[in-house]
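Please open the structure in your viewer and keep the sequence panel visible beside it. The tour proceeds stop by stop, with a selection to make at each.

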Amino acid sequence: MRPRVLARLLQIQRALVRHRLDEFVRATHLYRPLRYLFYVSPWTWFQRRIGGTRGERLRLALEDLGPIFVKFGQALSTRRDLLPVDIADELAKLQDRVPPFPGSIAIAMIEKTFGLGIAEIFGSFETVPLAAASIAQVHAATLKDGEQVVVKVLRPGMREVIDLDLEVLDALAALADEYWIEARPVRPIEVVREYRKTVTDELDLMREAGNAAQLKRNFAGSSLLYVPKIYWDYCRPNVMVMERIHGIIVSQVEELRARGADIAKLAENGVEIFFTQVFRHNFFHADMHPGNIFVQIDDPKNPRYAAVDFGIVGTLQPRDQHYLAENFMAFFKRDYGRIAQLHIESGWVPKGTRVDELESAVRTVCEPIYNKPLKEISFAQVLLRLFETARRFDMQVQPQLILLQKTLFNIEGLGRQLYPELDLWKTAQPVLREWMQERTSPRTILREIRAHWPDALLTLRQIPQVLQTAVREAAEGSAPGVDRQVARLRTELRLAAARRDLGLAAAVLWLAGLIWLALSSQYPWFGGLQMLAAIVLFVRLRRAKPRIE
């Protein structure tokens with residue numbers, strides 16, 4: 001272990017001791033190889049004088065330890081159902097009330113970045129920040145034309161602090177992987193690697209500005225979510241300027257009720273926004289704690305969300321997106337056998353797993369919560385039972401899905417605060433079903449044909465050249481396994497020809513069906529039959545696999 005990592009571990013230990021939290025960490029597996037550090041350190045003996053409630057001590061310790069620990073506290077703060085009230089109230093202060101750095105430093109950073117005085121850049125600039133978070137803080141300002149904006153400025157020295165903490169996480173993950181057998185299915189090294197990419201991206205405010213612009217395009221004209229405008233001329237890697245929005249923080253439920261907001265509709269809209277982002281757009285806001293979500297109630301009967309802080313967004317590979325959607329739909333239908341099959345097909349559990357045993361385990365966990373409102377579901381118990389099931393079937397954590405799971409965790413916590421009577425499943429089912437129907441519609445299939453047709457033509461053009469190269473190498477005796485390679489090329493050639501013929505036949509049938517439906521008033525079923533035949537051919541085209549003889 002590198003000296004700087006050991007030094008950081010000592011700093012962490014010092015903060016925990018100072019706030020009287022070290023007993024909890026010593027009880028975990030990860031610190032057992034390093035427990036001697038606690039006993040030989042003088043801080044353990046002399047620095048136990050800080051008072052305050054346990055929630056306050058926990059919050060202060062996380063603030064002392066830096067941005068990664070603050071983010072952990074922010075994520076926990078959304079789950080008031082899993083925490084004692086005093087701890088939840090204190091952790092909620094981490095959402096937008098982290099101690100700020102001086103406004104004079106923010107001004108100096110902005111002036112250095114733009115090479116101009118602050119008065120030359122903005123019409124006005126408020127030195128006292130509006131809010132402060134773990135990685136950056138925001139100041140109210142106006143542009144020269146009077147437009148109200150907020151200026152987000154990275155905390156100084158953040159990259160060095162986060163790089164060091166990521167090294168610590170790497171070291172702890174390696175210890176967990178080596179010394180804690182039960183941690184191996186969690187794949188701690190891969191999880192930390194995935195988290196590294198996420199938090200490193202958050203340090204680039206130009207990337208965040210791009211995320212905001214993409215999200216704004218996705219919800220252009222939407223009555224569900226408003227995304228502020230980005231002022232690109234004022235954006236740099238460490239400074240970002242966007243439109244200032246006004247609204248009520250989503251966790252201030254009593255204020256929303258007093259203003260006449262339709263809370264039930266607001267909660268349902270939140271679920272619809274989440275599933276729309278994940279499945280329709282494949283681009284979701286992944287840092288949805290209350291400090292980043294506001295509610296605009298210009299029309300209280302139709303409240304609209306407004307989001308800020310787009311440093312963390314998530315996307316899914318098409319394969320994972322497909323399996324997740326199929327899992328959700330199978331759950332809505334109580335088809336636990338299908339869920340078991342999907343877990344095996346996706347590789348989330350070993351191939352040799354018995355479907356009937358996994359189906360029974362999934363049913364045992366899922367059936368008690370089916371169709372229940374949030375207030376009647378103990379997700380803490382559900383999570384524990386899912387972990388037990390995972391260990392039984394050697395199910396491994398999928399690092400690429402952790403960001404989505406964290407977001408769903410936050411969404412469910414916000415929904416519980418906002419409207420505990422929300423039926424999460426009933427609200428999500430229509431959105432997901434509509435998306436799946438769109439994926440298999442003739443229009444979508446035709447669009448995919450058009451999108452992939454140039455690639456197919458390019459492949460056809462390259463095959464003769466590849467074949468000539470292989471034959472030349474075979475003649476020169478320089479290619480190992482020549483017979484098998486030639487056989488594979490011949491098979492690919494036959495398959496390409498078959499695909500071409502099937503594609504042309506499908507296109508002809510589709511166009512013929514369209515023309516028949518447009519021009520013929522009699523026997524419209526014949527046109528529909530031709531279009532159905534085209535779809536069948538296209539499906540067969542997509543499933544065609546080469547067979548090596």
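Two strands pair if DSSP finds at least two bridges between them. Helices (H or I, at least four residues) and strands (E, at least two) are themselves DSSP runs, numbered from the N terminus. This is a predicted model, in which local features need pLDDT of at least 70 and side-chain atom pairs count only at pLDDT 80 or more, while totals for chains, interfaces and linings use all residues. Residues are numbered from 1 along each chain as its sequence is written, and side-chain values use heavy atoms, with hydrogens and water left out.

**The whole chain.** Select the protein chain, whose secondary structure comes to 23 helices and 11 strands. Of its 549 residues, 46% count as buried (under 20% relative accessible area, with a 1.4 Å probe and protein chains only; exposed means over 50%, and partly exposed lies in between).

**An open sheet.** Next select β5, β10, β9 and β7, which form an open sheet of four strands in that order, with mixed pairing. β5 (225–226) and β7 (248–249) stand at the edges with a single partner strand each, so one side of each has no neighbour in the sheet. β7 runs antiparallel to β9 (residues 293–296), and two bridges join them. Zoom in on Ile248, which stands opposite Val295 in β9. Now add α14: this helix packs on the sheet and touches β5, β9 and β10 (304–307) (contact means heavy atoms within 4.5 Å). The direction of α14 makes about 50° with that of β10.

**Two helices.** How do the axes of α14 and α20 cross? Select residues 263–281 for α14 and 424–439 for α20: the axes come within 9 Å and cross at roughly 30°. Axes are lines fitted to C-alpha atoms, for helices over the stretch in contact, and angles run from 0 to 180 degrees between N-to-C directions. The crossing makes α14 roughly parallel to α20 (angles under 35 degrees; over 145 is roughly antiparallel, 65 to 115 roughly perpendicular and the rest oblique). To see the contact, show side chains including Phe275 and Phe279 in α14, and Leu424 and Trp435 in α20.

**A hairpin and its neighbour.** Finally, select β3 (residues 136–142) and β4 (residues 148–154). These strands pair in the antiparallel sense over seven bridges, and Ala136 has Leu154 in β4 as its bridge partner. Between the strands lie five residues, and Gly146 in this hairpin takes a positive phi near 90°. Is β4 mostly covered or uncovered? Six of its seven residues are buried, so to speak of β4 as mostly covered is apt. Add β6 (residues 239–243), which runs antiparallel to β4 and is joined to it by five bridges; Val153 has Val239 in β6 as its bridge partner.
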